[in-house]
Amino acid sequence: MMKTDTLEQIAYELYLAERDVYEVTKFVEQYPELTVETAYEIQAKLIELKCKHEQTTISGFKLGLTSKAKQQMMGVHEPSYGVLLANMALNVQQPISLKSLIHPKIEPEVAFVFKQDLIGPVVTVAQVLTATEYIAPAMEIIDSRYLNFNFTLPDVIADNSSSSRYIVGSQKYTVSEVDLVNMGCIFSQNDEIIATSTAGSVMGHPARAIAWMANKLIARGQHIRAGDVVLSGALTGSATMRSGDSFSVSFDGMEPLSVQVEL
Ligand code: OOG
Ligand code: MG
């Protein structure tokens, strides 16, 4: 068992690393006893700190490491989740500034926006789909606070699953308008295709990933609420962001979503 003080200390170190834009060494080296359960406790403390100091609120959740592409890239073979905060949301039109970020990467995701709470006791894929108000293309900017993006599953969970910013496209689609298994996805950087995938690359169906998380949340006394945005987890590997880059994600049957990084 790790002491509450130690969990608070780790949460504070992660908070400072993000606030003051520097990398820290992963914590499993210092605390080999760090478990997934304990890591979610640290994550909750980190979110509390951020809500308090940044005067923001929870806007939803994100999944991480839900596709083979991401698991292989990061060397972590189980999914994780994290919390999205209102101040992480970026405006579609607004160029992205890298100024306050450590070593940001960007990745294509599917956003689900909810119209109903998902309180369980057990959440099924069908319930996720019924509770969904709409789907939209999205991109997530991840910015691990760990040196060289190097972490284990408990480390990345403590660090709120590397979350940093997110952008949701303004066009909305109902779950029946899109094929959440076979829908193709093209991810481009500076008008060149860098990766392709399908929606089903996320655990066979992105709603399956969301159901998995919804059940974990309920077990920890939380739940997806009406109005929440949930990111599915990236469908392809992520791309390093450099100033002046443009990125776009184009899903079959949805308007493409493009972003521009400030020069
Ligand atoms: C962990 C977060 C993964 C995703 O979509 O797979 C993630 C990381 O790769 O740093 O957000
Ligand atoms: Mg992601």
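**Close-up 1. Three glutamates hold the magnesium ion (ligand 2) in this predicted model.** The protein donors are Glu107, Glu109 and Glu140. Each donates through OE, at 2.0 Å from the ion. Along the sequence these donor residues follow the spacing E-x1-E-x30-E. Glu107 has a relative accessible area of 3%, so Glu107 is buried. Glu109 is buried too, at 0% relative accessibility.

**Close-up 2. Glu140, a magnesium donor, sits in a strand.** The strand is strand 5, which covers residues 132-142. Glu140 is buried because its relative accessible area of 1% falls under the 20% cut-off. The side chain of Glu140 also makes a polar contact with the side chain of Lys62, at 3.0 Å. Lys62 is in turn among the residues that come nearest to ligand 1.

**Close-up 3. Ligand 1 is surrounded by 17 residues.** Those that come nearest are Lys62, Leu65, Glu107, Ser162 and Ala234. Three side chains place an N or O atom at short range from a ligand oxygen, as follows.

- Lys70: 2.8 Å from an oxygen atom of ligand 1.
- Glu107: 2.7 Å from an oxygen atom of ligand 1.
- Ser162: 2.6 Å from an oxygen atom of ligand 1.

On its own, ligand 1 has 310 Å² of accessible area, and the protein covers 100% of that area. Glu107 appears in both sites: Glu107 is a donor of the magnesium ion (ligand 2) and has a side-chain atom 2.7 Å from ligand 1.

**Close-up 4. Four strands make an open, antiparallel sheet.** The strand order is 8-7-11-12. Strand 8 (192-198) and strand 12 (257-260) are the edges, and each pairs on one side only. Ignoring direction, neighbouring strands of this sheet are turned by 15° against each other on average. Inside the sheet, strand 7 (residues 184-189) runs antiparallel to strand 11 (residues 246-251). Five bridges join these two strands. One residue pair to look for is Phe187 and its bridge partner in strand 11, Val249.

**Close-up 5. Strand 11 and strand 12 form a hairpin.** Five residues lie between the two strands. Gly253 is in the turn and has a positive phi of about 80°. Four bridges join strand 11 to strand 12, and the strands run antiparallel. Phe247 has Val259 as its bridge partner in strand 12.

**Close-up 6. Strand 12 shows two faces.** In a regular strand, side chains alternate between the two faces of the sheet. Strand 12 displays this alternation. Leu257 and Val259 point to one face, and both are buried. Ser258 and Gln260 point to the other face and are not buried. Val259 thus links two views: Val259 is on the buried side of strand 12 and is the bridge partner of Phe247.

**Close-up 7. Pro206 belongs to helix 6.** The helix covers residues 206-219. Pro206 counts as buried because its relative accessibility is 0%, under the 20% cut-off. Pro206 and Val110 are 96 residues apart in sequence. In space, their C-alpha atoms are 7.7 Å apart.

Note on methods:
Residues are numbered from 1 along each chain as its sequence is written. Chains are lettered from A and ligands numbered from 1 in the order in which they are written. This is a predicted model: local features need pLDDT of at least 70, side-chain atom pairs count only at pLDDT 80 or more; totals for chains, interfaces and linings use all residues. Side-chain values use heavy atoms; hydrogens and water are left out. Donors are N, O and S atoms within 2.8 Å of the metal (3.2 Å for Na, K and Ca); water is not among the atoms, so sites may look incomplete. Buried means under 20% relative accessible area, exposed over 50%, partly exposed in between (1.4 Å probe, protein chains only). Two strands pair if DSSP finds at least two bridges between them. Axes are lines fitted to C-alpha atoms, for helices over the stretch in contact, and angles run from 0 to 180 degrees between N-to-C directions. A residue is near a molecule or strand if one of its heavy atoms lies within 4 Å of it. A polar contact is a pair of N or O atoms within 3.5 Å; within protein, one must be able to donate a hydrogen and the other to accept it, and residues adjacent in sequence count only if both atoms are side-chain atoms. Accessible areas come from the Shrake-Rupley method with a 1.4 Å probe; for residues, only the protein chains shown count as cover.
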